[in-house]
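This briefing covers two topics: the surroundings of the ligand and the nonpolar cores of the protein.

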Amino acid sequence: MLTIRQATLSDLDSITGIYNDAILKTVATFDTETKNLNEQKTWFEEHGPKNPIIVAEQDGIVVGWAALSRYSTRCAYSDTAEISLYVTEEYQNKGIGKKLMKNIVEEGEKAGLHAIIARITDGNQISVKLHESAGFEHIGIMKQVGLKFGKRLDVHLMQKIYKNKE
Ligand SMILES: CC(C)(COP(=O)(O)OP(=O)(O)OC[C@H]1O[C@@H](n2cnc3c(N)ncnc32)[C@H](O)[C@@H]1OP(=O)(O)O)[C@@H](O)C(=O)NCCC(=O)NCCS
């Protein structure tokens, strides 16, 4: 059975394992060095009610996570978050990413966020489609801003706004 729930500190080992795998094998993240638990603890503590972290648990195993991290420490950005979303390789393409996306978007709304930014590496069509299906719009491309595995990479910027009035 798949459960989506709020992450706790005891999930950090699993979250870190999933993220480190993506660091080493993919261009989905522009981190190039794996994270240790101390670094991850700092990251975890930077989140809170306004910046949720959730996990997907399949039969007691954490197989994915999503977060709405602060977009910037500058105060005027406080209602804007940046999304991260990772599913363990062997559990991908089973609908878990979609469930995480639906849940984290709902959590962001409950938390009172106004906008979510996504930065998606060029070529990650699965992620682009997933964000489109959750109501994210394309707002631009940052050209050649990344360098990973010897290749310069473009980044697609996407955005979701909860309420268009304010
Ligand atoms: C992007 C990611 C989170 C998607 O999670 P997932 O659990 O694999 O996705 P889902 O199974 O929910 O599928 C979402 C959609 O993508 C499609 N999809 C997923 N994997 C696919 C694959 N390997 N090939 C083709 N389509 C695929 C699904 O068919 C589905 O499409 P639909 O809406 O038309 O039904 C996951 O692939 C991942 O962790 N990738 C590496 C990290 C990453 O790219 N994170 C995003 C950073 S911006």
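Contact here means heavy atoms within 4.5 Å. The model is predicted. In it, 18 residues surround the ligand, and the largest nonpolar core has 24 residues.

**Ligand shell**
- The closest of the 18 residues around the ligand are L85, V87, G95, G97 and N124.
- By class, the shell around the ligand comprises eight nonpolar, six polar and four charged residues.
- At least two shell residues come from each of β4 (80-87), α3 (96-110), β5 (115-121) and α4 (125-133); the largest share, four residues, is supplied by α4.

**Polar contacts and burial of the ligand**
- A polar backbone atom of L85 lies 2.8 Å from a nitrogen atom of the ligand.
- Oxygen atoms of the ligand are approached by a backbone N or O atom of G97 at 2.7 Å and by a backbone N or O atom of K94 at 3.1 Å.
- The ligand taken alone exposes 920 Å², of which the protein buries 72%.

**Nonpolar cores**
- Within the largest nonpolar core, the residues with the most contacts are L68, I83, L100, M101, I116 and F136.
- This core draws at least two residues from each of β2 (53-58), β3 (61-70), β4, α3, β5 and α4, with the largest share, five residues, coming from α3.
- Leaving aside residues up to four places away in sequence, I83 touches A67, L68, M101, I104, I116, I117, A118, H131 and F136.
- A second, separate core has 15 residues, among them Y19, I23, V55 and A67.

Notes: Residues numbered from 1 in each chain as written. Predicted model: local features only at pLDDT ≥ 70, side-chain atom pairs only at ≥ 80, totals over all residues. Heavy atoms only, no water. Near = heavy atom within 4 Å. Polar contact = N/O pair within 3.5 Å; in protein donor to acceptor, adjacent residues only side chain to side chain. Areas by Shrake-Rupley, 256 points an atom, 1.4 Å probe, with all protein chains shown as cover. Nonpolar A, V, L, I, M, F, W, Y, C, P; charged D, E, K, R; others polar. Core = buried A, V, L, I, M, F, W, Y, C linked by side-chain atoms within 4.5 Å. Buried < 20%, exposed > 50% of the residue type's maximum accessible area, 1.4 Å probe, protein only.
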